[in-house]
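Okay, thanks for squeezing me in. I'd like to walk you through one model today, chain by chain, and then look at where the chains meet. Have it open on your screens if you can.

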Amino acid sequence: MDNLARAYLPRIAGLALASVSFLAVTAAEAKEITIWCWDPNFNVAIMKEAGARYTKTHPDVTFNVVDFAKSDVEQKLQTGLASGTADALPDIVLIEDYGAQKYLQSFPGAFAPLSGTVDYSGFAPYKVEVMTIDGQVYGMPFDSGVTGLYYRKDYLEQAGFKPEDMQNLTWDRFIEIGQQVEEKTGKKMMGLDPNDAGLVRIIMQSAGQWYFDKDGKTNVTGNPALKAALDTVGKIMSANIYKPAAGWSDWVGTFTSGDVAAVVTGVWITGTVKAQPDQAGKWGVAPIPKLSIDGATHASNLGGSSWYVLESSAEKAEAIDFLNEIYGKDIDFYQTILLERGAVGSLLAARGGAAYEQADPFFGGEKVWQNFSDWLAKVPSVNYGIFTNEADTAVTAQLPALTQGTPVDDVLKAIDAEVSAQIQ
Amino acid sequence: MVHARRGSIGRYYDINGWLFVAPVLGLIGLFMIYPIVWSLWMSFQSGRGMMMKFAGFANIVRLWNDPVFIKALTNTMTYFVVQVPIMIVLALILASMLNNPRIIGRGLFRTAIFLPCVTSLVAYSVLFKGMFAPDGVVNSTLAAIGVISSPIPWLTHPFWAKVLVIIAITWRWTGYNMIFYLAALQNIDRSIYEVARIDGVPAWARFIHITIPLLKPVILFTTVISTIGTLQLFDEVYNLTEGRGGPSNATLTLSLYIYNLTFRFMPNFGYAATVSYVIVVLVALLAFLQFFAARERDK
């Protein structure tokens, strides 16, 4: 046994050495780009499609798309950046527009500037603005979160409403319809997570306001849009036309299970809506309801995010080239992800394509993409600032007070006090 | 001569001794003392992410004006004041019941009550979330036996959310404390109880006048441990409320607030360090109070 080992050992060692050097050679040639993002039906699937396209022309580059929950991506990224060790970080990361300035300002030098490489004039200006600091632009603009009112035609028909009745609604009318839908069908109008201020943000931005003004100062107590938004959410809650949800997956479950008649959210939800083949043909899309205050529109935005390359990445050059090749230039790619995933990209050149003209059988043959594209042009632009997370937390903390009948002005004051203490 | 030799031997042993403890001291210094001192230094700084500046006592001033911090502190103290006594008393009662040799299958009961403590924090929180959902097993059971007419909003009402967190941590940690009491009960001489029984002392009086005084050191120990655990409460709240401490910050704890300040909000490591020192001061104060309350008075 001993002899045997002695006889074979050199050979084994030699073999091991040879394979190690072989591995080293392949590692030098094949580059793997690691990407963090969320939503398997949307960002993850789209990034895999983009990776497959790039690998076709660059066979030496492969992609590892890692799927986390959004909050996990954000928290892992923040931890990695704060620790100062780059080993744990990916090469490309997806960041929601609300948080972009926070990362860029808190961790200077952590992200690679792409100003020299990418032609930003071809993108929607508001997307470029959120990733600019001191004249340098840091990311690859990706999807838009233009909002729509998705509704179940079958439920609304049972309640006596035609698709025409769903156009140009006001929020008050929306609530009335909701009450009738519940009366006639027993279904709630919408799912609502009382710990998620998304709906407040949608309504607020539809009237051209945000938690912060153009200079980044807190804009809460004197903000008519926020006041009206809180009022509306309060009315929805007291009219009890919503199914309460605890958390994101629960909220998604309210409409994938067919328990609610409508969804008000960003266009990126389309992939999830369409992931239920048994509901094909039952959905319609209308513009979101409007507030009855000055500056109110039927268009708003929720979320939307962009890709960022880490400065410390070993594959930085390849990562930047990949983003520029696919997301910066590939019009055909944008057509594909629009039709397959409902991704409304922010590359303006991709807006004219044939895909936007197509009718979607899932939505009963409506030209939904053309609609979303039209609404996108009308989204009021606002300054997200760097403290949206803090303001959001303050709003959700006060939502229950609203339902208990506290006057909206007092609620605004409480939100203002909490935000002011948070943003130092 | 003899004197001098002894001195050199003494020094020889001294050096050897120091050499033996040096690696440990080095590791403690590197992984304990250094982070503690560094976090104290950090608590005097403020800024966004890596852009930190010395701020003196600004963070401490900010504590006073921060309604979210006050809310988190109040919640944490509520958990502590309500939950620790309930759990300690429950663990004591369970321990003395399961110490009774006449109970059949007490090993099984002991294991069953201790078992929650070895389950994964995340797994049980997720399970609780499902069980206490509006249409979950708890609400449907309560409705079936006629206790409630409409489901209790466990996760969406500020009061019930607090109750749920207290139920969760009591469920998990009572067995852990019970094991300490069971071990200590084994050390109480059975003859003391026999004498008391012969003298006609009823069971409840034996519990109050014999068991509790003899368990006092262990009760003190478990109280201090539970206090520290409750003040650092994080996992349950994080998992039950998706890291938000909702509804309406009603379940937000200090640890969760530190986490949010560091990882969810605009990162302010300095202020987060200040809040964590609040926990340190609180734990120290409460432990001191508990030792003071449990001191030997008759000495």
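**Chain A, then chain B, then the contact**

So, starting with burial: of the 424 residues in chain A, 48% count as buried. Keep in mind as we go that this is a predicted model.

How confident is the predictor in chain A? The average pLDDT for chain A is 86, and 93% of the residues score at least 70. The part to be wary of is residues 1–28 of chain A, where the pLDDT is below 50. Beyond near neighbours in sequence, that stretch makes zero contacts in the model. And the usual caution goes with that: where pLDDT is low, don't read the predicted coordinates in detail.

Now the overall build. Chain A has 16 helices and 12 strands. Its radius of gyration is 24 Å, close to the 22 Å the globule rule gives for 424 residues, so chain A is as compact as a globular protein of that length. If you box up the C-alpha atoms of chain A along the principal axes, you get roughly 85 × 50 × 50 Å. As for the contacts in chain A between residues at least 6 apart in sequence, 77% of them join residues at least 24 apart.

Let's go to the sheets. One open sheet in chain A has five strands in the order 2-1-3-12-6, with mixed pairing. Which strands sit at its edges? Those are strand 2 (61–68) and strand 6 (139–141) of chain A, and each of them pairs on one side only. On average, neighbouring strands in this sheet are turned by 25° against each other, if you ignore direction.

Zoom in on one edge of it. Strand 1 of chain A, residues 31–38, runs parallel to strand 2 of chain A, and the two pair over eight bridges. To get your bearings there, find Lys31(A): opposite it, in strand 2 of chain A, stands Val61(A).

What lies across these strands? Helix 3 of chain A, residues 70–83, lies across strand 1, strand 2 and strand 3 (92–96) of chain A. Its direction is at about 120° to strand 1 of chain A. Then there's helix 4 of chain A, residues 97–106, which also packs on the sheet, touching strand 3, strand 6 and strand 12 (305–309) of chain A. Helix 4 of chain A makes about 120° with the direction of strand 3 of chain A.

Okay, another sheet. This open sheet in chain A has five strands too, in the order 9-8-10-7-11, again with mixed pairing. Strand 9 (242–244) and strand 11 (283–286) of chain A stand at the edges with a single partner strand each, so one side of each has no neighbour in the sheet. Here the average turn between neighbouring strands is 30°, direction ignored.

Inside that sheet, strand 7 of chain A, residues 147–152, pairs with strand 10 of chain A, residues 260–266, in the antiparallel sense, over five bridges. If you want a landmark, take Tyr151(A): its bridge partner in strand 10 of chain A is Ala262(A).

Right, chain B. The mean pLDDT there is 87, with 96% of the residues of chain B at 70 or more. Chain B has 13 helices and two strands. A compact globule of 299 residues would have a radius of gyration near 19 Å, but chain B comes out at 25 Å. The box around its C-alpha atoms, along the principal axes, is roughly 85 × 60 × 35 Å. Of the 299 residues of chain B, 30% count as buried.

One residue to click on: Gly107(B), in helix 4 (residues 106–114) of chain B. Is it buried or exposed? Gly107(B) has 10 C-beta neighbours inside 10 Å, so it counts as exposed. Its C-alpha atom is 31 Å from that of Asp199(B), which is 92 residues away along the chain.

Last bit, the contact between the chains. It takes 26 residues from chain A and 26 residues from chain B. Which elements of chain B give two or more residues to the side that touches chain A? Helix 3 (67–98) and helix 12 (254–264) of chain B. By character, the residues on that side of chain B divide into 13 nonpolar, seven polar and six charged. For the model, the scores are ipTM 0.71 and pTM 0.77.

Note on methods. Residues are numbered from 1 along each chain as its sequence is written. Chains are lettered from A and ligands numbered from 1 in the order in which they are written. This is a predicted model: local features need pLDDT of at least 70, side-chain atom pairs count only at pLDDT 80 or more; totals for chains, interfaces and linings use all residues. pLDDT is the predictor's confidence in each residue, from 0 to 100. Two residues are in contact if their C-beta atoms, placed from the backbone, lie within 7 Å. Helices (H or I, at least four residues) and strands (E, at least two) are DSSP runs, numbered from the N terminus. Ala, Val, Leu, Ile, Met, Phe, Trp, Tyr, Cys and Pro count as nonpolar, Asp, Glu, Lys and Arg as charged, and the others, Gly among them, as polar. The radius of gyration is taken over C-alpha atoms; the globule rule is 2.2 Å times the number of residues to the power 0.38. A residue is buried if 20 or more other C-beta atoms lie within 10 Å of its own, exposed if 12 or fewer, and partly exposed in between; C-beta atoms are placed from the backbone. Two strands pair if DSSP finds at least two bridges between them. Axes are lines fitted to C-alpha atoms, for helices over the stretch in contact, and angles run from 0 to 180 degrees between N-to-C directions.
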